[in-house]
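Colleague: I'm new to reading structures, and I'd love a close look at one part. Could you walk me through the cysteines and what surrounds them?

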Amino acid sequence: MNKSFLAAALCASCITGLAETWRGLDESNHYSGPKLTENYLEGKVVLVDCWGVNCPPCRALLPRIEQIWQSFKHKPFVLVGSHCQARSVDRVAELVKENKLSYPMYQNFGLAQGEPSFNAIPFLYVVNHRGKVVFFGRDERAATEAVVNALAAIDAPPSILGDVVLAKYKALEKQLVLGKNIKNHLKKLEADIKKAESKSASPMAKAMAEEAKEILDAIKSAKTDVKDEIEYLKKKNPPKALAAIKAYMVTFPEEGAEYKEQIPEVTAAAKEFAAAQKAHKAAKK
C-alpha cells in the first residue's frame, strides 16, 4: 500500500481536508489485514463484504471473497470485510486464519452516507472511484462483474449516456459522446417525444419516445457525473482533466462556461504533472 514518490509529490497538497466518506476506520474497529485511511481509499474502487461469524452462508463465502481480493489487489481496488454482528475478536481471528484471509477486516465498516440498506447477510456492495454505489446484493459473481466494470471506468472517457443501452437510437451511439456537439441530436430526441404524445402516434413512435426520455434523463445526470469526474481528474491526472474540461465545454457549452477561467490553472498543473512523470521515469532507469 506504499504510494509512489510521484503520487505523493503530485497529491500531497490535495488529499488534506477530505470530508469523511467511510465510517469504521478507527483503530478499535480493525481486526486484521492492511490498515486503511480515508486518503488511501479516495479514488479507489471498493468492494465491501458485510458478514458475520454466526452466519453460515457468510462463512462459506469467505474463501471466494479472498479469491476476489487476490484477483484485483494490484489494481486501484480495495476489498474490505465488514463484520456486522456483535464484535468477536477471537472468532473473527479464527476464521481469518482458517481461510487465510489477507484483505482488510473491520467491524461495521461502510459508507458514512449513502450505504445501501440491508436486513440480511452476506451483503455486498461496490463503490466506484468517485464514491458512487454501482452494485449491491448477495451475488458475488455480479459483484465481481461490477468491480471489473468500475475499474475499467477509471481510465475510460466520461460517458454522457450512463447505463443506457441504445436500441432504437443505435445510430447515435457514436454521436452522443463527450466532446461532440449534441445540440441537434437533443432537439431530435425532444421532437420524437412530442410526436409520441399525439393520439395517432404509432407503437413504434411511442417506443422511440420512451428510449428518448431515457437518453435525455441520462444526459441530464451526466452533467453532474462528468463534473465529478473532472474534479477527480484535476487531483489525480491534470492532463486528462484538461481534456475532459475542453470536451465538456463542447458538449455542454452553457454549463461548461464556468471552466473557462480554470483552463490556465489546469493547463499549468498538466505541464507539471507531465514533467514530474517524465522525471519519475528517468529516475527508474
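**The cysteines and helix 3**

Modeller: Let's start with C84, which counts as partly exposed at 27% relative accessibility. That label fits because buried would need a value under 20%, and exposed one over 50%. Keep in mind that this is a predicted model.

C84 is in no disulfide, and its nearest cysteine sulfur, that of C50, is 4.2 Å away. A disulfide needs the two sulfur atoms within 2.5 Å, so C50 and C84 are too far apart for a bond. C50 itself is buried, at 1% relative accessibility.

So where is the disulfide? The structure holds one, and it is formed by C55 and C58, with their sulfur atoms 2.4 Å apart. In general, a disulfide is a covalent bond between the sulfur atoms of two cysteines. The link of C55 and C58 is right-handed, with 75° about the S-S bond. Both ends are tucked away: C55 is buried with a relative accessible area of 6%, and C58 is buried with 1%.

Now follow C58 into helix 3, where it is one of the buried residues, along with L61, L62, I65, E66, I68, W69 and F72. Look at the spacing of those numbers with this in mind: an α-helix has 3.6 residues a turn, so residues three or four places apart point the same way.

What do the buried residues of helix 3 pack against? Quite a list: strand 3 (45–51), strand 4 (77–83), helix 4 (89–99), strand 7 (123–127) and helix 5 (140–155).

Helix 3 itself covers residues 56–72, so 17 residues, and it reaches 25 Å from its first C-alpha to its last, close to the 24 Å expected. There's a kink to spot, though: helix 3 bends by about 40° at L62, and a proline, P63, follows within four residues.

Two of those partners, strand 3 and strand 4, belong to an open sheet of six strands with the order 2-5-4-3-7-8 and mixed pairing. Strand 2 (30–32) and strand 8 (133–137) stand at the edges with a single partner strand each, so one side of each has no neighbour in the sheet. On average, neighbouring strands of this sheet are turned by 20° against each other, ignoring direction.

To zoom in on one pair, strand 4 and strand 5 (residues 105–107) run parallel over three bridges, and G81 stands opposite M105 in strand 5. Finally, helix 4 lies across strand 2, strand 3, strand 4 and strand 5, at about 30° to strand 2.

Conventions. Residues are numbered from 1 along each chain as its sequence is written. This is a predicted model: local features need pLDDT of at least 70, side-chain atom pairs count only at pLDDT 80 or more; totals for chains, interfaces and linings use all residues. Side-chain values use heavy atoms; hydrogens and water are left out. Helices (H or I, at least four residues) and strands (E, at least two) are DSSP runs, numbered from the N terminus. The expected span of a helix is 1.5 Å times one less than its number of residues. The bend at a residue is the angle between axes fitted to the seven residues ending there and the seven starting there. Buried means under 20% relative accessible area, exposed over 50%, partly exposed in between (1.4 Å probe, protein chains only). Contact means heavy atoms within 4.5 Å. Two strands pair if DSSP finds at least two bridges between them. Axes are lines fitted to C-alpha atoms, for helices over the stretch in contact, and angles run from 0 to 180 degrees between N-to-C directions.
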